[in-house]
2 protein chains.
Amino acid sequence: MSLRHGLLGLLAEGPASGYDLTRRFAELLGQVWPARHPQIYAELGRLAEAGLIEVDSHGPRQRKAYRITGAGLAEVRRWLTDDEVDHTLRMEPLLRSVFFWLMEPADLAAHLERERQYYSGTAAAMRTYAGAKDRGEFGTSEQTRSLRIAAEAGIRLFEALAEWASWAERYAAEHLTEHHSETGHHSEHPPALPEGRPGSGSA
Amino acid sequence: MSLRHGLLGLLAEGPASGYDLTRRFAELLGQVWPARHPQIYAELGRLAEAGLIEVDSHGPRQRKAYRITGAGLAEVRRWLTDDEVDHTLRMEPLLRSVFFWLMEPADLAAHLERERQYYSGTAAAMRTYAGAKDRGEFGTSEQTRSLRIAAEAGIRLFEALAEWASWAERYAAEHLTEHHSETGHHSEHPPALPEGRPGSGSA
DNA sequence: CAACAACATGTACAGATTGACATGTCTAGT
DNA sequence: ACTAGACATGTCAATCTGTACATGTTGTTG
């Protein structure tokens, strides 16, 4: 339930309304943690009930801004330093990649090329943004620095995916060009990936 | 709702029971699409009702294996080629990074170091696995080739994250060492990241 | 043969998330 | 004065997801 902490984190920057937070989530956090307005309004209600935030002001058009409380600020900080990081990833494009062998070679090539373009375009947009930050266009506050770190992750992630798509195009052209039969009953399924939990084993 | 298609994709390799599929999801797809057994059994029921899969055999301890039908195979393929890719990412570690400015420098440094180790450990495990595949230890079927592509994505992704964590440690040491005040009301919140939808704009 | 681990399937419930619907306000342009 | 668009908040139903609970079977080991 990281929406709770995402909202608290944003409110730590200053008071904001549900509407503000919805747009901020869509623009800033949409790539890493999607959230729609019904969920945000509901969570704000719970947060207020728990005393982690409180109503800061009422504006025009029944605008209701919230402000983080001391307890709320303590809670985000507790989350950041004490709560274990959840490394669960949910990424449809990679799920699809496991089933590439079911696709016609031409369809797969087209798919990978579209993916490559999407990822490199996204990476480029983030690089542009990070460049503006580095030139100091958004000031030098701690929040801005922090956002710069997040942007760097996005750049590296999407660049890596773009290069992967490019690599996969070449790999598929070399290794997956044969036409396939109707069902894949020809062999036992191959062994699984290793579980990859480095913290709790060999390290 | 990609669980549906993930199950169909696995069943395209050959018949399997809910138990098999649960373990296969945990081992193979857990990193990119988590799913627990209650969800898998429920979805298998729906899939069978829709005629996309059917009972293949009954084994010992009320084991019930399913087999994909022609309609099911057509449906996975339709998904792979026609359905738009959902690029939504959900990644708690990156959500946290937006709020690094709220952490004490020492805690942040420790956090980033743990993250770096986690990512590089995971990447290393995947690299080992991919190496075994490349030496032909798992055969040369199309499924194996496909899984090799997925593994490559994992390697590149986790390597990129490990390098990011390392970069962030250095960046934070240079730019985020000042101690922060109790609340961050000192400035307006910085502007958001660009939306980064390359397909529908400049591209 | 008792006990345990692994196999195997399922239900029930709580919480997270989304899409559709509903409502009302303020500003700018015509 | 009207109207369109952005502002602003919310409800509701449906679906997805995860945790805990419940049940019974088979093979292995002492």
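Trainee: Which elements do the buried residues of H2(A) pack against?
Mentor: In this predicted model, they pack against H1, strand E1 (16–17), H3, strand E3 (64–68) and H7 of chain A, along with helix H5 (92–97) of chain B.

Trainee: And which residues of H2(A) are the buried ones?
Mentor: Gly18(A), Asp20(A), Leu21(A), Thr22(A), Arg24(A), Phe25(A), Leu28(A) and Leu29(A).

Trainee: Why would residues three or four places apart point the same way?
Mentor: An α-helix has 3.6 residues a turn, so residues at that spacing point the same way.

Trainee: Okay, on to the two chains. How many residues of chain A are in contact with chain B?
Mentor: 102 residues of chain A, and they are in contact with 102 residues of chain B.

Trainee: What area is buried between them?
Mentor: About 11000 Å² is buried between chain A and chain B, and carbon and sulfur atoms give 66% of that area.

Trainee: Which elements of chain A are on that side?
Mentor: Those giving two or more residues to the side that touches chain B are helix H1 (2–11), H2, helix H4 (70–82), helix H5 (92–97), helix H6 (105–134) and helix H7 (142–175) of chain A. H7(A) has the largest share, with 22 residues.

Trainee: What about residue classes there?
Mentor: The side of chain A that touches chain B has 49 nonpolar, 30 polar and 23 charged residues.

Trainee: With charged residues there, how many salt bridges does the rule find across the interface of chain A and chain B?
Mentor: The rule finds 0. For polar contact, it finds 28 residue pairs across that interface, counting pairs with both residues at pLDDT 80 or more.

Trainee: Switching to the DNA. Which residues come nearest to strand D?
Mentor: Of the 21 residues around DNA strand D, those are Tyr19(A), His37(A), Tyr41(A), Met1(B) and Gln39(B). Of the strand D atoms that come within 4 Å of the protein, 74% belong to sugar and phosphate.

Trainee: What does Gln39(B) do there at the atom level?
Mentor: A polar atom of the Gln39(B) side chain lies 2.6 Å from a phosphate oxygen of DNA strand D. Arg36(B) also has a polar side-chain atom 3.4 Å from a phosphate oxygen of the strand.

Trainee: And Arg61(A)?
Mentor: An N or O atom in the Arg61(A) side chain is 3.4 Å from a sugar or linking oxygen of DNA strand D.

Trainee: Which helices supply the surface near strand D?
Mentor: Helix H2 (18–29) and helix H3 (37–49) of chain A, plus helix H3 (37–49) of chain B, each supply at least two residues. By class, that surface has 8 nonpolar, 6 polar and 7 charged residues.

Terms used
Residues are numbered from 1 along each chain as its sequence is written. Chains are lettered from A and ligands numbered from 1 in the order in which they are written. This is a predicted model: local features need pLDDT of at least 70, side-chain atom pairs count only at pLDDT 80 or more; totals for chains, interfaces and linings use all residues. Side-chain values use heavy atoms; hydrogens and water are left out. A residue is near a molecule or strand if one of its heavy atoms lies within 4 Å of it. A polar contact is a pair of N or O atoms within 3.5 Å; within protein, one must be able to donate a hydrogen and the other to accept it, and residues adjacent in sequence count only if both atoms are side-chain atoms. Helices (H or I, at least four residues) and strands (E, at least two) are DSSP runs, numbered from the N terminus. Ala, Val, Leu, Ile, Met, Phe, Trp, Tyr, Cys and Pro count as nonpolar, Asp, Glu, Lys and Arg as charged, and the others, Gly among them, as polar. Contact means heavy atoms within 4.5 Å. Buried area is the accessible area (1.4 Å probe) that two parts lose on being put together, summed over both. A salt bridge is a side-chain nitrogen of Lys or Arg within 4 Å of a carboxyl oxygen of Asp or Glu. Buried means under 20% relative accessible area, exposed over 50%, partly exposed in between (1.4 Å probe, protein chains only).
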